[in-house]
Amino acid sequence: MKSTTPAEAHATSDAFILDVREREEVAQARVEGTHHIPLGSLVERLDEVPRDRTVYVMCAVGGRSARATQYLEQQGVDAVNIDGGIAEWHRAGLPVTIGGAA
């Protein structure tokens with residue numbers, strides 16, 4: 001399974017970032033411009049995931065996104081796990097929106 005740091009994902013221009021956290025988690029803190037599909041809905045919403053570009057997958061700290069990345073790879077998607085999730089993204093000083101509507 002491929003993985004990358006939050007800084008590398010953030011530095012990728014026009015990256016497709018898939019956030020697999022639950023809606024309540026996304027409402028608390030999120031990275032603007034990400035695409036949200038909770039891990040539990042990924043199988044039935046697979047058609048929303050692009051096949052023609054790399055998909056960067058994030059969750060809270062990296063566990064769920066690792067599972068999602070493995071599943072996407074099995075489906076033929078070029079998927080990359082963002083190590084440390086949004087927690088590491090925030091720790092790295094990258095932009096995170098706190099609160100408000102998701």
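The count comes to 7 salt bridges, a salt bridge being a side-chain nitrogen of Lys or Arg within 4 Å of a carboxyl oxygen of Asp or Glu. This is a predicted model, in which local features need pLDDT of at least 70 and side-chain atom pairs count only at pLDDT 80 or more, while totals for chains, interfaces and linings use all residues. Residues are numbered from 1 along each chain as its sequence is written, and side-chain values use heavy atoms, with hydrogens and water left out.

Side chains of opposite charge can pair when their charged atoms come close. The table lists salt bridges including these.

| Pair | Closest N to O |
|---|---|
| Arg-30 and Glu-32 | 3.5 Å |
| Arg-45 and Glu-48 | 2.8 Å |
| Arg-91 and Glu-88 | 3.1 Å |

Accessibility is described in three classes: buried means under 20% relative accessible area, exposed over 50%, and partly exposed in between (1.4 Å probe, protein chains only). In the first row of the table, Arg-30 is buried at 11% relative accessibility, whereas Glu-32 is exposed at 54%. For the next pair, Arg-45 has 26% relative accessibility and is partly exposed; Glu-48, with 42%, is also partly exposed.

Arg-91 and Glu-88 both lie in helix H4 (residues 85–91), 3 residues apart, which means that about one helical turn separates them. Helices here are DSSP runs (H or I, at least four residues), numbered from the N terminus. Arg-91 is exposed at 61% relative accessibility, and Glu-88 is partly exposed at 28%.

Note on methods. Helix = DSSP H or I, 4+ residues; strand = E, 2+ residues; numbered from the N terminus.
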